[in-house]
Amino acid sequence: MEHSSRIPGFYKRSLAERAAIVAQWAGLSSQEQATLLGMSGLNAQQADNMIENAIGIYALPLGVATNFLINGRDYLIPMAIEEPSVLAAVSNAARLFREGGGFTTSSDEPIMIGQIQLLDVENVYVAAGQIISNKAMLLAEADSVGGSIVKHGGGARDIDVRPIMNSAIGPMLIIHLLFDTRDAMGANAINTAVEHLAPHIETLTGGRVNLRILSNLTDQRKARAEGMIPAQALATDAISGEDAVRAIVEAGVFAEVDPYRATTHNKGIMNGIDAVVIATGNDWRAIESGAHAYAARSGQYTSLSKWWQDDDGNLRGSIELPLALGTVGGATRVHPSASLALRILKTQSARELSEVCATVGLAQNLAAIRALATEGIQHGHMRMHARQLAVAAGASGAMVSRVVEMMTREGNIRLERAKSLVLELSESIHSPASAAD
Ligand code: MEV
C-alpha cells in the first residue's frame, strides 16, 4: 500500500508514536524498531571491527523529515543530526513544495573518477598519446579487477588525459579513469583499479607513477532537483506571497555573487544533505569536499542552488551537485541503523538516494533563506533554544512546553528564568492546594 508522507502533526506526537508510524511505513520488525530506538544497533564489537583504537560508540539523534513528494512518490527521509530546527524546517519546506506538485529530479550515471599522477616522462603529450592509443587495453585491465561491480553491470568506461605543463615540480600528466560503480560509492573499486593500472601506464610511457587515488570532485556523478512553490503558499500575516518570493530570490542572488554568503548558504544546504548521508552510512566528508569544490568550479565560490520567479509569479528553485553515494558496501550495510534508513527511504538504488539528497538540500536551503528573508532565523531557533534551556533547568514532560511558552511570551529566554519557572511550576504542582484540586 502506498502511504502519504504528509503526516499532519507528526512533530507533536511522542517519540514512541513517531517511531511506530515509521516502523509501519517501512515494515520494520520489533527488533529493528529497537535498533532505531538505540536499544540495540551498532555495538562495541562491530565498532571495533570498523575502526582502529575503538573505545565505544558515539550516538546522534535520528529523525525523519515528512512531506516529501519526489517524482510523484512519497518519501519519509531519515536524517541523523545534532542541530535543532533542521528537521522541522526541512519538513515545512517540503510541504510548501508539495503545494507546487513536489520535486522533480535527475542524476548522472554513477561514474567515479580515479586519478593517476604520471611524472618523469620525456614528453607529456607523447605519453598522453600512448595512453589514449592503448585505451581499450587499459579499460579491460581495469575491468579485470572490478569484481562484483563489473558483474553488476558497472566497470571502466573511459580514460581522459590532462597534461599539466607548469607546476613547482615541472610537467606531469594526470590520467583519469572513469569507472561506473553502480550502487556502490565505489572508493575501493576505483582505488583498486587505478593501483592496478599504474604499472601498465609506466610500461607504456616509460614514466613514473606517484599518486593513484579517486577524486572526490565527482562531477560526472551529479544529482539535480527542482521544484515550485506557489507564491500564495509563502504568504504570512507579516508578508505577502509576492514579497516573500522577491525576498527569497534576492537572498539566492546574494549567494550567487558573494562567496562569504555562498559559504553559509551552502552550509544550510549541507545541513540537510549531510544528515541523510550520515543516516545512510555514507561518507559525508567525501560529499562535503565534492560539493564545495563543485561550488568553486568557475574559479569563484558560489551557490549550489538557484532561485527565481517564474512567469506566473511563483517561486522556483533548483540545485545541482556531485553526490557519490552508495547503497551497498562500506558502512551502509555494516551499520545496522544505516540499512534501516535505506528501508525507510524504500530504495536500494544509489542514484535514487543521491536524488533524494538533492531535494533535501534544496528544501533545507529554502527553509533557511525564507526564514532569513522574512522573520529572521532567530525566531525559530529561539523556541528550540528555549526547549533546551527548559530541559537543562530540570523540566520534563508537559512542563517543558509550559516553560517554553512562558519564556517566549515574556521574551526572556535565559537559563536563569527557565530555572525559576521550573521551581515555580514544581512548587505549584506539589502544593497542598493543587493536591486538593
Ligand atoms: C544554520 O545552520 C544554517 C543557516 O545559516 C543557513 C543559511 O544562512 O542559509 C541558517
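Over the face of which residue does Arg-285 lie, and at what distance from the ring centre? In this predicted model, Arg-285 is placed over the face of Trp-284, at 4.3 Å from the ring centre. A second arrangement of this kind involves Arg-73, whose charged end sits over the ring of Tyr-75, 4.2 Å from its centre.

Contacts between the aromatic rings themselves were examined next. A pair of aromatic rings is described by the distance of the centres and the angle of the planes. Across the whole structure, the search finds 3 aromatic pairs. One of these is formed by Phe-68 and Phe-103, which are stacked, with 5.6 Å from centre to centre and 15 degrees between the planes; the pair counts as stacked because planes under 30 degrees apart are classed in this way. Since Phe-68 belongs to strand E1 (residues 62–70) and Phe-103 to strand E3 (residues 103–107), the pair ties together parts that are 35 residues apart in sequence.

Both partners of this stacked pair are shielded by the protein: Phe-68 is buried, with a relative accessible area of 0%, and Phe-103 likewise counts as buried, at 1% relative accessibility. Phe-103 also pairs with Phe-97, and here the ring centres are 4.5 Å apart while the planes stand at 40 degrees, so the pair is tilted. Phe-97, like Phe-103, is buried.

Taken together, ring pairs link Phe-68, Phe-97, Phe-103 and Trp-307 into a cluster, in which Phe-103 takes part in the stacked pair with Phe-68 and in the tilted pair with Phe-97.

Note on methods:
Residues are numbered from 1 along each chain as its sequence is written. This is a predicted model: local features need pLDDT of at least 70, side-chain atom pairs count only at pLDDT 80 or more; totals for chains, interfaces and linings use all residues. Side-chain values use heavy atoms; hydrogens and water are left out. Rings of Phe, Tyr and Trp (its six-membered ring) pair if their centres lie within 6.5 Å; planes under 30 degrees apart count as stacked, over 60 as edge-to-face and the rest as tilted. Helices (H or I, at least four residues) and strands (E, at least two) are DSSP runs, numbered from the N terminus. Buried means under 20% relative accessible area, exposed over 50%, partly exposed in between (1.4 Å probe, protein chains only). A charge sits over a ring if NZ of Lys or CZ of Arg is within 6 Å of the ring centre and within 35 degrees of the ring normal.
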